[in-house]
Structures are given as C-alpha cells and as structure tokens.
There are 2 protein chains.
Amino acid sequence: MDPKLLTGTLELMMLEVLSQGPSYGYEIVQTVLTRSGGHFELKEGSLYPALHRLERQKLLGSYWTEHEGRRRKYYKITAAGRKTLAARRSEWQTFASGVNGVLGMEYGLA
Amino acid sequence: MDPKLLTGTLELMMLEVLSQGPSYGYEIVQTVLTRSGGHFELKEGSLYPALHRLERQKLLGSYWTEHEGRRRKYYKITAAGRKTLAARRSEWQTFASGVNGVLGMEYGLA
DNA sequence: TGCTAATACCAAGACGGTCAATGTATGGAG
DNA sequence: CTCCATACATTGACCGTCTTGGTATTAGCA
C-alpha cells in the first residue's frame with residue numbers, strides 16, 4: 001500500500017475512531033488496523049503528530065490515565081471535532097467518487 | 001476539496017487518462033475535470049512535475065507537436081505504464097475499501 | 001539479565017503539492 | 001493597434017505530512 005494515499009485520510013480515520021469513544025494512540029493503531037481489514041498500519045511518527053495537530057485545533061481533547069503501571073493519553077473528540085468529522089466524511093465520499101469517475105468505476109464496490 | 005487527498009492518486013488518474021490514448025498536459029486537466037464530475041482541478045504545478053516523473057520512470061513516453069502555432073507535448077503510456085496502472089488501480093480499490101471499512105461504510109456508494 | 005510488549009514522543013529527511021512567476025503564440029475586444 | 005484572455009509548458013520557493021528510526025518508561029517473561 002503506497003503510503004502517499006494515506007495523506008489526508010489519516011485524520012479522518014482518527015476522528016472517526018474517536019467519535020465512537022475516547023481512545024489512546026496505541027489502541028487507535030489497533031482499531032484502524034482491524035477495521036481496515038488489516039491494511040492500514042499507522043506509524044507512530046504520523047499518528048502522534050496528527051493527534052497533537054487535531055488537539056491544537058480543538059477537535060480533540062486529552063487526559064492522562066494510568067493502567068497497570070503504563071501511562072496512557074486518552075483523546076476524546078470535541079463538538080467541533082464531530083462537525084469536522086462530518087465534513088471530512090462527505091469530502092471523502094466526493095473525493096472517492098471523483099476518483100472512481102476518472103477510473104470509470106462509478107458503480108458499486110466490494 | 002482538501003488537496004492532500006490528491007496525493008498519490010494524481011499519478012493514478014493521469015495514467016488512467018493516458019491509457020485511453022495520448023494526450024498533453026492542458027488536455028489532461030480538462031479530461032480529469034470532466035470525468036471527476038467537476039471536482040478535480042489539477043494544478044499545473046503538480047501536473048507537469050508528475051508527468052516528468054512518470055516519464056523518467058519510463059511509464060510514459062512523449063513527443064512534441066505543433067497545433068495552430070502552439071506547441072504541445074503529447075504523452076503516451078508505455079507497456080510498463082499499463083502494468084503500473086493495473087497495480088495502482090487495485091491499490092486504490094484496496095485503499096478505498098480500507099477507508100470505507102474504518103468509516104463503517106463498506107457497502108455501496110452513489 | 002535482557003528481551004519483548006505496551007505506551008508516548010521527537011528529530012531528520014524525503015517527497016509531492018500549491019502558488020506564482022516566466023515565456024510564447026493566437027485571437028478577440030476596444 | 002493595443003490589450004487581455006486563452007492555450008500551453010516549465011520551474012522555483014515554500015510548506016506540510018509522511019517515513020525512519022531513535023529515546024524513554026514499566027511490566028513480564030526467559
């Protein structure tokens with residue numbers, strides 16, 4: 001999987017995952033891996049900066065917890081984050097159908 | 001439309017367009033615009049470098065022509081280009097269904 | 001003891017996209 | 001006739017995001 005494709009959908013996917021409840025970096029990686037059918041292995045080097053970015057933009061909030069001796073930083077989507085998520089979801093759909101249009105595959109998918 | 005989404009699909013779309021016959025930069029922009037339903041306005045600053053890149057990789061060949069006083073540089077897909085196109089198409093499908101999986105929208109689209 | 005998993009973070013570098021400028025030629029508005 | 005828009009290609013500066021890979025901590029296991 002060409003990593004360049006991820007650019008721009010990373011944040012969308014993170015917001016989506018967090019829209020279903022708070023989570024932390026390490027777990028988000030697992031969730032995305034599972035839900036993508038094993039295709040997307042988010043790298044820490046892109047995940048954490050993205051998380052910080054989204055937090056700076058107030059789309060996420062965060063808090064630390066302790067779990068069996070290990071520190072976890074939970075991220076929680078904000079109201080603004082949900083709004084952005086909705087916008088990005090629809091942007092993604094527009095984008096995907098645009099690409100499919102160019103590829104001559106506008107109908108259906110597996 | 002967030003331009004970051006384009007990263008990685010630009011070349012795919014260009015190869016696709018060229019798989020249907022030789023074309024030149026300016027025309028490729030129009031073709032993609034039309035076939036994407038008016039959504040993708042390729043910028044010259046990304047299009048031409050991409051064209052040159054693909055040519056360097058021997059996925060495209062090129063030749064100049066003259067048309068009503070204006071110079072045109074036609075690009076033509078190579079056999080290697082077609083192979084790459086096939087690979088990228090399937091990569092795109094995997095990618096799109098991965099994203100849709102994360103978004104919980106694996107079925108159908110308009 | 002030392003390795004692995006869980007967990008978070010950061011710095012350096014590559015790469016591709018945007019903006020905007022440059023250059024040439026044709027054709028139409030005034 | 002002049003000016004501007006359109007057709008067409010190229011390039012350079014800038015920016016943002018991704019990858020790689022290294023740091024750091026704690027728990028648990030060989």
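**Two chains, two DNA strands: contacts in a predicted model**

Around DNA strand D there are 27 residues, and those that come nearest are A:Pro3, A:Gly45, A:Gly69, B:Tyr24 and B:Gly25. The model is a predicted one, so everything below is a computed description of that prediction. Which elements give two or more residues to the surface near DNA strand D? From chain A it is H3, and from chain B it is helix H2 (25-35) along with H3 and E3. H3(A) gives the most here, with five residues. Sorted by class, the surface near DNA strand D has twelve charged, eight nonpolar and seven polar residues.

Now for the other strand. DNA strand C is surrounded by 27 residues, with A:Tyr24, A:Gly25, B:Gly45, B:Ser46 and B:Gly69 coming nearest. At least two residues each of the surface near DNA strand C are supplied by H2, H3 and E3 of chain A and by H3 of chain B. The top contributor to this surface is H3(B), with six residues. By class, the surface near DNA strand C splits into twelve charged, eight nonpolar and seven polar residues.

Turning to the fold of a single chain, chain A has four helices and three strands, laid out from the N terminus as α-β-α-α-β-β-α. Its C-alpha atoms fill a box of roughly 55 × 30 × 20 Å along the principal axes. Chain A has 110 residues, and 32% of them count as buried. As for contacts in chain A between residues at least 6 apart in sequence, 47% join residues at least 24 apart.

One helix pair in chain A can be described in detail. Helix H1 (residues 10-18) and helix H2 (residues 25-35) of chain A pack at an angle of about 100°, and their axes are 10 Å apart. Angles of 65 to 115 degrees count as roughly perpendicular, and H1(A) and H2(A) are therefore roughly perpendicular to each other. On the H1(A) side the contact uses A:Met13, A:Met14 and A:Val17, while H2(A) brings in A:Ile28, A:Thr31 and A:Val32. Five of the residues in this contact of H1(A) with H2(A) are nonpolar, one is polar and none is charged.

What about the contact between the two chains? It takes 31 residues from chain A and 30 residues from chain B. On the side of chain A that touches chain B, H1, H2 and H4 of chain A each supply at least two residues. H4(A) has the largest share of that side, at twelve residues. The class breakdown for the side of chain A that touches chain B is 13 nonpolar, twelve polar and six charged residues.

Last comes the nonpolar interior. The largest nonpolar core has 49 residues, and B:Met13 and B:Met14 have the most contacts inside it. Both chains feed this core: H1, helix H3 (44-56), strand E3 (70-77) and helix H4 (79-102) of chain A give two or more residues each, and so do helix H1 (10-18), helix H3 (44-56), strand E3 (70-77) and helix H4 (79-102) of chain B. H1(B) gives the most to this core, with seven residues. Leaving aside residues up to four places away in sequence, B:Met14 touches B:Ile28, B:Ala50, B:Leu51 and B:Leu54.

Methods: Residues numbered from 1 in each chain as written. Chains lettered and ligands numbered in written order. Predicted model: local features only at pLDDT ≥ 70, side-chain atom pairs only at ≥ 80, totals over all residues. Axes fitted to C-alpha atoms, helices over the stretch in contact; angles between N-to-C directions. Parallel < 35°, antiparallel > 145°, perpendicular 65-115°, else oblique. Contact = placed C-beta atoms within 7 Å. Nonpolar A, V, L, I, M, F, W, Y, C, P; charged D, E, K, R; others polar. Core = buried A, V, L, I, M, F, W, Y, C linked by C-beta atoms within 7 Å. Buried ≥ 20, exposed ≤ 12 C-beta atoms within 10 Å, placed from the backbone. Near = placed C-beta within 6 Å.
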